[in-house]
Amino acid sequence: MPAGHGLRSRTRDTFSRAFRKKGYIPLSTYLKTYRIGDYVDIKVNGAVHKGMPHKFYHGRTGRVWNVTKRAIGVEINKQVRGKIIRKRIHVRVEHVQQSRCNEDFKLRVKKNDQLKAEAKARGEIISTKRQPEGPKPGFMVEGTTIETVTPIPYDVVNDLKGGY
């Protein structure tokens, strides 16, 4: 028989719970607060069938656009043929976790604000733009001797005799 094309086809490993993570769902999953504009990762929990997103969205990152009692509206980009469509889906909290995708950006903003405040106190103007890493500095190689290597001439007669 041919393979089926159902909603959960080919999800045997994708939706399975991780090693030593089976069983009850921790209470902290339900106590997290999500705000509109937050980035979230969709990670399907196979134990909860309600509010489960389609397998396409598993592992995708999106932005929260709506918060309801038990679910979260997530906006995700999906490529359909040649164009990218912004899809809006509602997913239960069990299938969502806070994303760390813009953690570095937030840290950089805080660091830049602190640097600007310190520079302003000194009366200076600084640039907080990121600069690409330049070329490595040159150096001279010292303490080496030059060795000239010459090839051994090929001798056809000795080679035929099995020589050398």
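V67 stands opposite I72, a residue of strand 3. That pairing is a good way into this predicted model, where local features need pLDDT of at least 70, side-chain atom pairs count only at pLDDT 80 or more, and totals for chains, interfaces and linings use all residues. Residues are numbered from 1 along each chain as its sequence is written, and side-chain values use heavy atoms, with hydrogens and water left out.

**The sheet**

Let's begin with the overall layout. The sheet is open and has 5 strands in the order 4-3-2-1-5, with antiparallel pairing. Its edge strands are strand 4 (83-92) and strand 5 (96-98), each of which pairs on one side only. On average, neighbouring strands of this sheet are turned by 45° against each other, direction ignored. Strands here are DSSP runs (E, at least two residues), helices are runs of H or I with at least four residues, and both are numbered from the N terminus. Two strands pair if DSSP finds at least two bridges between them. For the angles, axes are lines fitted to C-alpha atoms, for helices over the stretch in contact, and the values run from 0 to 180 degrees between N-to-C directions.

Strand 1 (residues 39-42) pairs with strand 2 (residues 61-67) in the antiparallel sense over 3 bridges. Two partnerships can be picked out here: V40 has G62 as its bridge partner in strand 2, and D41 has T61. Strand 2 in turn pairs with strand 3 over 4 bridges, again antiparallel, and these two strands form a hairpin with 3 residues between them.

How many bridges link strand 3 (residues 71-80) and strand 4? There are 10, in the antiparallel sense. Within strand 4, I89 is the residue opposite V74. The hairpin of strand 3 and strand 4 has 2 residues between the strands, and R81 takes a positive phi near 55° there.

**The core**

The largest nonpolar core has 12 residues: Y34, V40, I42, Y57, V64, I72, V74, I76, I89, V91, V93 and V96. By definition, such a core is a set of buried Ala, Val, Leu, Ile, Met, Phe, Trp, Tyr and Cys residues joined through side-chain atoms within 4.5 Å. Strand 1, strand 3 and strand 4 are the elements that give two or more residues to this core, and strand 3 gives the most, with 3 residues. In soluble globular proteins, nonpolar side chains tend to be buried together.

I72, met at the start, belongs to this core. Leaving aside residues up to four places away in sequence, I72 touches Y34, V64, N66, I89, H90, V91, V93 and V96; contact means heavy atoms within 4.5 Å.

**Charged pairs**

A search of the whole structure finds 4 salt bridges. The criterion is a side-chain nitrogen of Lys or Arg within 4 Å of a carboxyl oxygen of Asp or Glu. Side chains of opposite charge can pair when their charged atoms come close. Here are some of the pairs:

| Salt bridge | N to O distance |
|---|---|
| R88 and E75 | 2.8 Å |
| E94 and R92 | 3.6 Å |
| E124 and R122 | 3.4 Å |

R88 lies in strand 4 and E75 in strand 3, so their salt bridge ties together parts that are 13 residues apart in sequence.

Is E94 buried or exposed? E94 is buried, with a relative accessible area of 10%, where buried means under 20%, exposed over 50% and partly exposed in between (1.4 Å probe, protein chains only). Its salt-bridge partner R92 is partly exposed at 22%. E94 sits in the loop between strand 4 and strand 5. The side chain of E94 also makes a polar contact with the side chain of Y30 (3.0 Å). That term covers a pair of N or O atoms within 3.5 Å; within protein, one must be able to donate a hydrogen and the other to accept it, and residues adjacent in sequence count only if both atoms are side-chain atoms. Not counting residues up to four places away in sequence, E94 touches I25, T29, Y30, K43, N45 and V48.

**Beyond the sheet**

In the E124 and R122 pair, E124 is partly exposed at 42% relative accessible area, whereas R122 counts as exposed at 51%. G123 is found in the loop between helix 2 (103-122) and helix 3 (156-161), and G123 counts as exposed at 65% relative accessibility. The C-alpha atoms of G123 and K106 are separated by 26 Å, with the two residues 17 apart along the chain.
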